[in-house]
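What does the fold look like from the inside out? The report below takes the chain region by region.

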Amino acid sequence: MLVLVAPGQGAQTPGFLTPWLELPGASDRIAAWSEAIGLDLVHYGTKADADEIRDTAVAQPLLVAAGLLSAAALGDVTPGVVAGHSVGEFTAAAFAGVLDDTAALRLVRTRGLAMAEAAAVTATGMSALLGGDPEVTVPHLEKLGLTAANVNGAGQIVAAGTLEQLAALDADKPEGVRRVVALKVAGAFHTHHMAPAVAKLEEAAAELSPADPAVTYVSNKDGRTVATGAEVLARLVGQVANPVRWDLCMETFQELGATALIEVCPGGTLTGIAKRALPGVATVALKTPDDLDAARTLIAQHAAV
């Protein structure tokens with residue numbers, strides 16, 4: 001059984017979209033999406049520097065567009081399960097047919113703008129902790145006033161909070177944590193700092209008519225499958241201010257019998273975690289179009305086409 005997943009914010013790098021625009025029809029598709037959301041995705045995906053694409057309002061629609069574009073390049077694929085990490089949940093919702101591509105991009109554009117506005121209120125950020133035991137790490141973070149915003153599994157937790165709190169974490173790491181790495185994000189996402197963005201996203205979501213998922217959709221909230229489009233949409237809205245439980249998503253992949261996992265562009269983060277947490281599950285990360293052949297081979301072996 002094939003799982004198709006989409007990465008979250010921080011996976012973007014300067015110029016990562018460039019080779020994908022050389023595929024037939026890709027430039028036209030990106031141009032249409034750019035016009036629909038009022039953002040020059042071509043510029044940001046090909047010419048913008050790291051600081052420009054670190055902007056939440058830019059990074060989020062750019063990542064969703066890249067995920068959709070790379071998935072389309074795979075052809076007519078029917079995965080067994082779809083999921084996304086943080087903003088990648090919007091990409092997954094489009095994979096599942098809950099929202100069409102343009103609706104997903106418009107909603108995520110609203111999300112990015114609202115979260116950027118919320119992040120501007122207080123200087124906040126996120127840092128990944130590598131290694132350690134969650135039962136030790138999480139209480140330590142709480143003691144410092146930080147939130148375990150992403151519990152990713154495979155020994156990785158992402159802490160979020162004010163820059164002062166993150167500085168305190170650098171000086172006082174939890175027992176067993178090998179490294180603390182600052183992430184390329186501009187806010188404390190999936191924490192109470194993002195609460196103001198939820199209301200704006202609710203307002204935008206109320207105008208949509210989501211369809212029920214055509215394939216199994218797994219939610220970041222609790223790793224459970226979600227059967228209705230209305231519930232998927234409600235969870236997309238609420239997740240802005242709630243922790244991502246990617247560890248529970250991977251447990252569900254295992255329970256559902258996952259045998260292969262493909263991570264859409266810009267792939268690498270989630271496949272890296274899967275290699276440690278899901279032994280025996282074959283993985284492919286779509287970083288450039290050169291990875292498409294390996295992904296298609298995996299599809300032929302593990303999915304309906």
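## A buried asparagine

A residue counts as buried when its relative accessible area is under 20%. Asparagine 152 has 3%, so it is buried. The model is predicted, and every value here is computed from it.

Asparagine 152 sits in strand S4, residues 147-153. Its side chain makes two polar contacts listed here. One is with the side chain of histidine 85, at 2.8 Å. Another is with the side chain of glutamine 156, at 2.5 Å. Beyond four places in sequence, asparagine 152 touches His85, Val158, Trp246, Asp247, Met250 and Ile273.

## Helix H4

Helix H4 covers residues 56-73, 18 residues in total. From first C-alpha to last, H4 reaches 26 Å. That is close to the expected 26 Å at 1.5 Å a residue. Of the 18 residues of H4, 17 are buried, so the rest of the structure largely encloses this helix.

Both ends have a feature to check. At the N-terminal end, aspartate 55 acts as a cap. One of its side-chain oxygens lies 3.0 Å from the backbone nitrogen of alanine 57. Just after H4, glycine 75 has a positive phi of about 95°.

## Nonpolar cores

In soluble globular proteins, nonpolar side chains tend to be buried together. The largest nonpolar core here has 81 residues. Tyr217 and Ile262 have the most contacts inside it. H4 gives the most to this core, with ten residues. Another core lies apart from it, with 17 residues. Val3, Phe253, Ile273 and Ala274 are among them.

What surrounds isoleucine 262? Leaving out residues up to four places away in sequence, isoleucine 262 touches Leu2, Val3, Leu4 and Val5. It also touches Val284, Leu286, Ala295, Leu298 and Ile299.

## Helix H9: two sides

Helix H9 spans residues 195-205. Its buried residues are Ala197, Val198, Leu201, Ala204 and Ala205. Viewed down the axis of H9, they fall within an arc of 125°, so they line one face of the helix. Their cover includes helix H5 (88-95), helix H6 (101-119) and helix H10 (229-238).

On the other side of H9, Pro196 and Glu203 are exposed. For glutamate 203, the relative accessibility is 60%. The C-alpha of glutamate 203 is separated by 30 Å from that of proline 266. Those two residues are 63 apart along the chain.

## Cysteines and a cis peptide

A disulfide is a covalent bond between the sulfur atoms of two cysteines. How many disulfides does the model contain? The count is zero. Cysteine 249 is buried, at 0% relative accessible area. Cysteine 265 is buried too, at 1% relative accessibility.

The peptide bond from cysteine 265 to proline 266 is cis, with omega near -5°. Proline 266 lies in the loop between strand S9 (260-263) and helix H12 (269-277).

## Positive phi outside glycine

Serine 86 has a positive phi of about 60°, although it is not a glycine. It lies in the loop between strand S2 (81-84) and H5. Serine 86 is buried, at 11% relative accessibility.

Histidine 190 has a positive phi as well, near 60°. Its place is the loop between strand S6 (177-182) and H9. Is histidine 190 buried or exposed? At 2% relative accessibility, histidine 190 counts as buried.

## A loop contact across the sequence

Aspartate 212 belongs to the loop between H9 and strand S7 (216-218). Its C-alpha is separated by 5.6 Å from that of valine 98. Along the chain, the two residues are 114 apart.

Setting aside neighbours within four places in sequence, aspartate 212 contacts Ala96, Val98, Ala227, Thr228 and Gly229. The side chain of aspartate 212 also reaches the backbone nitrogen of glycine 229, at 2.9 Å.

Technical notes: Residues are numbered from 1 along each chain as its sequence is written. This is a predicted model: local features need pLDDT of at least 70, side-chain atom pairs count only at pLDDT 80 or more; totals for chains, interfaces and linings use all residues. Side-chain values use heavy atoms; hydrogens and water are left out. Helices (H or I, at least four residues) and strands (E, at least two) are DSSP runs, numbered from the N terminus. The expected span of a helix is 1.5 Å times one less than its number of residues. Buried means under 20% relative accessible area, exposed over 50%, partly exposed in between (1.4 Å probe, protein chains only). A polar contact is a pair of N or O atoms within 3.5 Å; within protein, one must be able to donate a hydrogen and the other to accept it, and residues adjacent in sequence count only if both atoms are side-chain atoms. The arc is that of the directions from the helix axis to the C-beta atoms. Contact means heavy atoms within 4.5 Å. A disulfide is a pair of cysteine sulfur atoms within 2.5 Å. A nonpolar core is a set of buried Ala, Val, Leu, Ile, Met, Phe, Trp, Tyr and Cys residues joined through side-chain atoms within 4.5 Å.
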